[in-house]
Amino acid sequence: MSQMAVSERRRFLLFCFLPTTILVSGAFLMGSVIIATDYKERLARQIAINATKIAGAKVCQAHCRPDDGEALPRGIVSRTSDLDMRSLQGPLIREAATKSQSTLAADGVCNKISRVPDSVWVSRSTQPESDLTLKKRGTSTNLLAIAAGIKQKGSVNKIVTKFRSSDFDIMLFHYDGMVDDWSDLEWSSQAIHVSAMDQTKWWFAKRFLHPDIISEYDYIFIWDEDIGVEHFDVGKYLSIIKEEELEISQPALDPNNSVVHHLLTLRDSTSKVHRRIHRRLGVRKCDGNITGPPCSGWVEIMVPVFSKAAWRCAWLMIQNDLIHGWGLDELLGYCVKGNRTQNIGIVDQEYVAHHAVPTLGGSPKDQVPSVSTQDMERDEVMKRCFYELRIFRRRWHKAVQDDECWVDPY
């Protein structure tokens, strides 16, 4: 084959394969660009997903969860309870998650129940009924808790009888251990009985009225046992405090049949509710310039009534070791939403008598102490009360000084 023929053949092959080679190379380059673009997009999406997961993890870490619930999915964690009875037999009624439970879960509220010593016990008797039967009766939406001794059985019975016709669960704190002696009362088997020797109302409240446990109650009445209720209607009282938007309240004291420690709590027969007084209290004059206790924003700790939200705050303020509760009434105004001069009040229309019967610190039921022994025991109790008051005030002042983020609204 001549040299010219070879050259022609090479040109022919070059013209045939060159376009194919160019097309293949172009396709390869285009594919590489598409693959690279797709990889970048997938990489960007993965980075965004990882960032979201990290942010979510940080939110979960910041979100308050109970220590013993870390290993559980949030939907199974039940943060609240109630004091409703449940039957041992019969059909079970499944209840939807309550509003308070879902709200607590969303807000991440974590509270720990105090451990209770073996010397404390709780009882509530019931007949073998089904949950369905109990449910038909209706779930109580309010709670009455009373520190009770057997010597005041008659007085307590009158109080409970007034509340039974309304929508209330009843809880008795027995400080003398005499629980069985109440069994002859018609309502006793439906009440919750908690017993611990020589403990106060606030000791019981701190341990057994945790806000999560009583979260289903709209109002919590925490009363002393020596209260006369002849002129008190709890249904009308509830209507008034709802109408007046009182988050913390108390019934006024009958001036003719009560031992009165603070003039603000005296009944004003001309009003339905009062929130302040205008008069001189010792060296202090209650006028428009004073908007705090004892002139306004005050209830006494013998018959307080709390809304659910106010009780959550008040419970946190109760000191575990200061069992008499002295000093709490001075600061309850911090536990209401808005202005304490408006959301704390004394209800005059429904009033009670305070008999101020000394109980704690006395002798057992089967002993008859001398008058001098009783006086000495009572004096020791009062000394402890004043001592606790000084400690509580010091703790408050120290807490205010140490907390740089807290701002006093008053």
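Helices (H or I, at least four residues) and strands (E, at least two) are DSSP runs, and they are numbered from the N terminus. The model shown here is predicted: local features need pLDDT of at least 70, side-chain atom pairs count only at pLDDT 80 or more, and totals for chains, interfaces and linings use all residues. Residues are numbered from 1 along each chain as its sequence is written, and side-chain values use heavy atoms, with hydrogens and water left out.

**Figure 1. Two loop residues, Asp 198 and Glu 245, have a positive phi.** Let's start with a backbone angle. Most residues other than glycine have a negative phi. Glu 245 is not a glycine, yet its phi is about 55°. Look for Glu 245 in the loop between α6 (234-243) and β7 (248-253). Asp 198 also has a positive phi, near 55°, and belongs to the loop between β4 and α5. Are these residues buried or exposed? Buried means under 20% relative accessible area, exposed over 50%, and partly exposed in between (1.4 Å probe, protein chains only). Asp 198 has 51% relative accessibility, so it counts as exposed. Glu 245, at 57%, counts as exposed too.

**Figure 2. Strands β3 and β4 run side by side in the parallel sense.** Two strands pair if DSSP finds at least two bridges between them. Strand β3 (residues 168-174) and β4 pair over four bridges. Which residue of β4 is the bridge partner of Leu 172? That partner is His 193. In a regular strand the side chains alternate between the two faces of the sheet. Strand β4 (residues 192-195) is covered on both faces: Ile 192 and Val 194 are buried on one side, and His 193 and Ser 195 are buried on the other. Phe 173 lies in strand β3 and has a relative accessible area of 0%, so it is buried. Between Phe 173 and Met 197 there are 9.8 Å in space, C-alpha to C-alpha, although they are 24 residues apart in sequence.

**Figure 3. Aromatic rings meet in 18 pairs across the whole structure.** A pair of aromatic rings is described by the distance of the centres and the angle of the planes. Rings of Phe, Tyr and Trp (its six-membered ring) pair if their centres lie within 6.5 Å; planes under 30 degrees apart count as stacked, over 60 as edge-to-face and the rest as tilted. One of the 18 pairs joins Phe 163 and Phe 168: their centres are 4.9 Å apart and their planes are at 90°, so this pair is edge-to-face. Both Phe 163 and Phe 168 are buried. Trp 203 and Phe 204 form an edge-to-face pair as well, with 5.1 Å from centre to centre and 90° between the planes. Phe 163 and Phe 168 also belong to one aromatic cluster with Phe 221, Trp 223, Phe 232 and Tyr 237.

**Figure 4. Helix α5 is mostly covered.** How many of the residues of α5 are buried? Eight of its eight residues are. Among them are Lys 201, Trp 202, Ala 205 and Phe 208. Trp 203 has a relative accessible area of 10%, so it is buried, and Phe 204 counts as buried because its relative accessibility is 0%. Another buried residue of α5 is Lys 206, whose charged end sits over the ring of Trp 315, 3.8 Å from its centre. A charge sits over a ring if NZ of Lys or CZ of Arg is within 6 Å of the ring centre and within 35 degrees of the ring normal. Elsewhere, the charged end of Arg 340 sits over the ring of Tyr 334, 5.9 Å from its centre.

**Figure 5. The second largest pocket has a volume of about 930 Å³.** On a 1 Å grid over the protein atoms alone, a cavity is a set of points where a 1.4 Å probe fits but cannot get out, and a pocket is an open set with protein on both sides within 12 Å along at least five of seven lines; lining residues have an atom within 4 Å of a point. Grid points are joined across faces, edges and corners, and a volume is the space filled by probe spheres set on the points. This pocket is lined by 33 residues, of which Asp 224, Ile 301, His 324, Trp 326 and Arg 378 are the closest to its centre. The elements giving two or more residues to its lining are α5 (201-208), α8 (328-331) and α10 (371-402). The largest share, seven residues, comes from α10.
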